[in-house]
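Here's a quick tour of the model, going from one chain's overall build to its contacts and core. Have the viewer open as you read.

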Amino acid sequence: MNWQFWIIQTLNSVAFGGLLFLLSSGFSLIFGLMRIPNLAHGAFFMLGAYFGFSLLQLGFHFWLAAIFGGLGVGVLGVFVERFILRQLAGNEQGQVLVTLGIAFIIADVCLLAWTGDPMPLPAPQSLRPPLRFGGFAFPTYRLVVLAIALVVAVVLYLLMERTRLGAMIRAGVDDMEMARGVGIPVSRLFTTVFLLGATLAGIGGVLGGPILNAYPGLDADMLPLALIVVILGGAGSLMGAFVGSFIVGFLYNFGIALAPDLAYFVLFLPMVLVLVFLPQGLFGRAQT
Amino acid sequence: MNAPALAIAGLSKRFGGLPATKDVSLTVMPGERRLIIGPNGAGKTTLFNLVTGDLDPDGGSVKLFGNELIGMPTQRRVHLGLARTYQILTLFPRETLMHNVVLALLGLDRLRWDPWSVLTGHRDLYAAAADALDKVGLGDRAGRVVAETSYGERRRLELAMALAQKPKLLLLDEPLAGLSQGERQAVRNLLDAIPRDVTIVMIEHDMDTALAFAERITVLHYGEVIVEGTRAEVVADPRTREVYLGD
Amino acid sequence: MTRRAVITLVVCAVLLVALPWIIGHEFYINLASQVLIYALFALSVNMMLGFGGMVSLGHAGYLGVAGYACILLTTAGYDQLTAAIAALALSTVAAGVFGVLSLRAPGLGFIMITLALGQIVWGIAYRANNLTGGDNGLSHPARPMPFGIDIRDASSFYYFTLVVFAVALFFIWRFARSPFGASLTGTRDQPRRMRMLGHNVWLIRWLTFVLAGFWGSVASLLFVYYNLYLSPHALALQQSAEILLMAILGGASTLTGPIIGAAIITLVKNMVSTYVERWNTLLGLIFVIVIMFMPYGLVPGCRQLWQRLHSRQKGKAANAAPEASP
């Protein structure tokens, strides 16, 4: 195998890791704060991809399609949070199962609206030619996706560490009772975080479109990856989602490239190791 | 000289930066009635949690009749003769009083691993449970569901569950909390009736009742032992008053 | 058991045994077999859910392990009984391993890990083309001949399934009423308290997980014998979710709940798919509606309704009596 192969696969892995970060950061925040694994998160990602596809069909510029596609999913997320999840406040088990039901509904509606054929999302024209450097050709679009994911990571970090919203989120993740006690508007916080998470997932779906396409089953493919990222990285931890995303990105990509039969097994092993030796994940907090 | 019922040495626990338990050492002899007092936040319940295994300490040792407890899972400590009641009631609210006590009895009985026989068919188990309820005056209400009982009755049920296990060391975390005057006297009578082969360590805020019950008292403040001695010694010690009135 | 319960049981048993004569049509007899198979799946997942408070979203994974193992072993030349026993053993061991992993993070972590594990089994089945035939699935050569009896036709297979189901139900019923069952429900309600009473909460949960995995594997074998075919599609998250929904819909806290839930979901699914293409949407909607408005399920809900009607009747009679006397 030549250098080109390794470089391309590495780039694919980090680009995929970037996409996973967009997916998992929202999932991790929602889980950390609201204590709900949002099982509709994969469906949010897929819906974003489909929204992006349609917006592109309507002639929207790619980056606008990404933003509006993401926001469209975000708005749906707000509806779900306010009218369904909030009604089940206190019943965490019920909330989780309800998100599963919603995932099924979204997936089926997508199938109805966009049919069963995979929909390709064309990457923006300007990014299609490969970047030539040092005798190698780099897939430009994937580099841009990685760059965007890194920017989002920095923005999220600043949001969590430097803003009042971030402080409230961190307080809620740390100790919900205390946060409520000091007057943090928990309901509004939940809605905001759910909006943020869903929007990120939707944007991730659009950005992932040129790489993965939009197809039925995309949700079922992405959700377990988000779960494994959070199991590896630790719930509620942005750093955990970041590191976990790239680990899973590498494992999944190289797994499929080198041994497609064993791709899922390759993911299984690290997950098992982490669960056995470090159940709270690499960056998570130990359960008290 | 027999082995102490409970020997705590150099026990420490920090939460983040906060020391909740600071190098605590105390020894309780078999049959003793020990009272642990201190203002709120003194670390009394934390101490209990360290003894029961609900929390792991940062350092120190806890010995139950010579057996080192640190590192041992909670249920094994129970099998060595430890029992505890909680400050906030943790009963099985949808079950009957009888069933609550049965679960307590099962905890120490090999029967609890049986996935085949019918539980209600074990008459001796239910007889023992009925007996335990009688001893706390709840025998006539055994078939009632916990959710339909009064707070005082539930406190007595907790006690029944702990005593049913015939423990060697009984930790009582504020057993009188929230009780009316009459109920408090009833519980007090029950505590007095506990035989001497059960060693009792109690956390209480109700000074009148607790002081009358205690033989030796340990005063905690900010996770440290400030005063320790007989009832008379502790009451007379100026540091005790400081802890409660000072700062 | 109360007299009423015994009578109900006997009536149900008679109806179930006479079912093929009552219904006659092969399609519906096969449907009845399906209901029994799914009822067993639902009962097994409910051992964890209703009695243990543990939500497992990976239960279809046992189809993957036991199902494929059975097919592969039978195709490799082993006789049906050996293949079945080996498949069950393998699947139960897998349950032991899955249980250790899933219980590393109780509560919501358990849900996530069981989901991930179920998806991994599905993913392996999907991609390991050489082993599982991938998306094309694998065919099982033929139905077994228990004690030499041919169960290829609908009625015979129905009776075979009914016998297996009855045996399983009996064991699970004993389990629910046993001291271990009581310990399990105790850990569901107050795990910390149970530890402080001397119960080994982890071990109770793990043993339950393994037992649930065993009965789920039994249902998996019935599934394979019924369809004589297995594809990754049957292991998808949707299958685990449906099984869970059956238990919740019927009433997780009861033994009859999952059976009724399985009957309703299976029948609706089969009837509806002839008219409506959007089964998944319907499934999702039922999920949302049941959890929001009927969280305890149908069986407890109906029981409550029955009791309320009963007490109202008693009240009416009491009110009527004084008027009769002068």
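## Chain B overall

This is a predicted model, so treat what follows as a description of a prediction. For its 247 residues, a compact globule would come out with a radius of gyration near 18 Å, and chain B has 18 Å, so the two agree. Laid along its principal axes, the C-alpha trace of chain B spans about 55 × 40 × 40 Å.

Chain B is built from nine helices and 10 strands. Of its 247 residues, 41% are buried. If you take the contacts in chain B between residues at least 6 apart in sequence, 67% of them join residues at least 24 apart.

## Two domains in chain B

How does the domain assignment split chain B? It gives domain 1, covering 1-81 + 167-247, and domain 2, covering 90-166. Going by C-alpha atoms, the centres of domain 1 and domain 2 of chain B are 26 Å apart. The contact between them uses 13 residues from domain 1 of chain B and 13 residues from domain 2 of chain B.

On the domain 1 side of that contact, the elements giving two or more residues are α2 (74-79) and α6 (181-193) of chain B. The largest share there, four residues, comes from α6(B). By class, this side of domain 1 of chain B has nine nonpolar, three polar and one charged residues.

## Where the chains meet

Start with chains B and C: their contact takes 22 residues from chain B and 20 residues from chain C. On the chain B side, α2 and α3 (97-106) of chain B each give two or more residues, and α2(B) gives the most, with four residues. That side of chain B divides into 12 nonpolar, seven polar and three charged residues. So α2 of chain B turns up in two places: it gives residues to the side of domain 1 that touches domain 2, and it also gives residues to the side of chain B that touches chain C.

Now for chains C and A, where 32 residues of chain C are in contact with 36 residues of chain A. On the chain C side, the elements with two or more residues in play are α5 (108-127), α6 (129-132), α11 (237-250) and α13 (279-293) of chain C. The most comes from α5(C), with 11 residues. The class count for this side of chain C is 22 nonpolar, seven polar and three charged residues.

## The nonpolar core

Which residues touch the most other members of the largest nonpolar core? Out of its 263 residues, they are A:Ile231, B:Val101, B:Ala160, C:Ala39 and C:Leu40. Domain 1 (1-81 + 167-247) and domain 2 (90-166) of chain B both give residues to this core, so it lies between them.

B:Val101 is worth a click. Leaving out residues up to four places away in sequence, B:Val101 touches B:Ala129, B:Ala132, B:Leu133, B:Ala160, B:Met161 and B:Ala164.

## An exposed valine in chain A

Is A:Val155 buried or exposed? A:Val155 has 10 other C-beta atoms within 10 Å; a residue counts as exposed at 12 or fewer, so A:Val155 is exposed. A:Val155 lies in helix α5 of chain A, which covers residues 140-162. For a distance to check in the viewer, try A:Val155 and A:Phe45: they are 110 residues apart along the chain, and their C-alpha atoms are separated by 20 Å.

Conventions: Residues are numbered from 1 along each chain as its sequence is written. Chains are lettered from A and ligands numbered from 1 in the order in which they are written. This is a predicted model: local features need pLDDT of at least 70, side-chain atom pairs count only at pLDDT 80 or more; totals for chains, interfaces and linings use all residues. A nonpolar core is a set of buried Ala, Val, Leu, Ile, Met, Phe, Trp, Tyr and Cys residues joined through C-beta atoms within 7 Å. A residue is buried if 20 or more other C-beta atoms lie within 10 Å of its own, exposed if 12 or fewer, and partly exposed in between; C-beta atoms are placed from the backbone. Domain bounds come from an automatic or database domain assignment. Two residues are in contact if their C-beta atoms, placed from the backbone, lie within 7 Å. Ala, Val, Leu, Ile, Met, Phe, Trp, Tyr, Cys and Pro count as nonpolar, Asp, Glu, Lys and Arg as charged, and the others, Gly among them, as polar. The radius of gyration is taken over C-alpha atoms; the globule rule is 2.2 Å times the number of residues to the power 0.38.
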